[in-house]
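I opened a notebook for this structure. Below is what I looked up, entry by entry.

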Amino acid sequence: MEITLNTGQTAYNMNDVRAALRAALSREATLANARRNAYERTCQEFETRFGVLSDQFLREFEDGKLGDDLEYFDWYAAKRGFDLWDRRTRILTEVTV
């Protein structure tokens with residue numbers, strides 16, 4: 001996929017624009033990875049407590065095979081958070097400017 005950038009200004013040096021975008025992407029990737037890691041730790045705590053991997057838990061929870069224990073909702077939120085921030089981290093680290 002290729003993305004076109006339009007700054008609206010012709011006075012900007014493209015090397016300066018690239019450097020600014022690289023720094024912004026790097027900063028966002030670092031923040032996204034920190035969030036990802038926090039959700040991953042939470043999921044690992046649930047996996048240890050219940051003896052089930054988060055992917056399997058998610059399938060069973062969404063299929064209605066588990067009860068309505070409040071911890072399951074916390075785990076569900078942590079797993080969904082992990083998936084979101086994992087995807088975002090991968091996107092941000094794979095973009096080249």
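Which residue caps the N-terminal end of H3? I found Asp69 there, with a side-chain oxygen 2.8 Å from the backbone nitrogen of Glu71. I count a polar contact as a pair of N or O atoms within 3.5 Å; within protein, one must be able to donate a hydrogen and the other to accept it, and residues adjacent in sequence count only if both atoms are side-chain atoms.

**Ground rules**

I am reading a predicted model, where local features need pLDDT of at least 70, side-chain atom pairs count only at pLDDT 80 or more, and totals for chains, interfaces and linings use all residues. Residues are numbered from 1 along each chain as its sequence is written, and side-chain values use heavy atoms, with hydrogens and water left out. For helices I rely on DSSP runs (H or I, at least four residues), numbered from the N terminus.

**Helix H1**

I looked at the start of H1 next. Asn13 caps its N-terminal end, placing a side-chain oxygen 2.6 Å from the backbone nitrogen of Asn15. I then checked the span. The 37 residues of H1 should cover 54 Å at 1.5 Å a residue, and the end C-alpha atoms are 53 Å apart, which agrees. The expected span is 1.5 Å times one less than the number of residues. After H1 comes Gly51, with a positive phi near 70°.

I listed the buried residues (under 20% relative accessible area; exposed is over 50%, partly exposed in between; 1.4 Å probe, protein chains only). In H1 they are Val17, Ala29, Ala32, Arg36, Cys43 and Phe46. Their cover includes H2 and H3.

I also looked ahead of H1, which runs over 14-50, and found Leu5 in the segment before it. Leu5 is in contact (heavy atoms within 4.5 Å) with Val17 and Leu21, leaving aside neighbours within four places in sequence. Between Leu5 and Val17 the C-alpha distance is 9.8 Å, at a separation of 12 residues in sequence.

**Helix H3**

I ran the span check on H3, residues 70-94. Its 25 residues should span 36 Å at 1.5 Å a residue, and the end C-alpha atoms are 36 Å apart, which agrees. Among its buried residues I noted Tyr72, Trp75, Ala78, Lys79, Phe82 and Trp85. The buried residues of H3 pack against H1 and helix H2 (54-62).

**Lys79 and Ser54**

Is Lys79 buried or exposed? I found Lys79 buried, because its relative accessible area is 4%. Lys79 sits in helix H3. Its side chain makes a polar contact of 2.7 Å with that of Asp83. Not counting residues up to four places away in sequence, Lys79 touches Cys43, Ser54, Asp55 and Leu58.

I followed one of those contacts to Ser54, in helix H2. Ser54 counts as buried, at 4% relative accessibility. Beyond four places in sequence, Ser54 is in contact with Cys43, Glu47, Trp75 and Lys79.

**The core**

Which residues make up the largest nonpolar core? I listed 8 residues: Cys43, Phe46, Phe57, Phe61, Tyr72, Trp75, Ala78 and Phe82. H1, H2 and H3 each supply at least two of them. The largest share, 4 residues, comes from H3. Such a core is a set of buried Ala, Val, Leu, Ile, Met, Phe, Trp, Tyr and Cys residues joined through side-chain atoms within 4.5 Å.

I took Trp75 from this core and looked up its contacts. Leaving aside neighbours within four places, they include Cys43, Phe46, Phe50, Val52 and Phe57.

**Rings**

I searched the whole structure and got 9 aromatic pairs. Phe46 and Trp75 have ring centres 5.4 Å apart and planes at 10°, so the pair is stacked. Phe46 lies in helix H1 and Trp75 in helix H3, so this pair ties together parts 29 residues apart in sequence. Phe61 and Tyr76 have centres 5.2 Å apart and planes at 40°, so that pair is tilted. Phe61 is in helix H2 and Tyr76 in helix H3, 15 residues apart. My cut-offs: rings of Phe, Tyr and Trp (its six-membered ring) pair if their centres lie within 6.5 Å; planes under 30 degrees apart are stacked, over 60 edge-to-face, the rest tilted.

I compared burial in the second pair. Phe61 is buried at 14% relative accessible area, whereas Tyr76 is partly exposed at 24%.

Methods
Helices (H or I, at least four residues) and strands (E, at least two) are DSSP runs, numbered from the N terminus.
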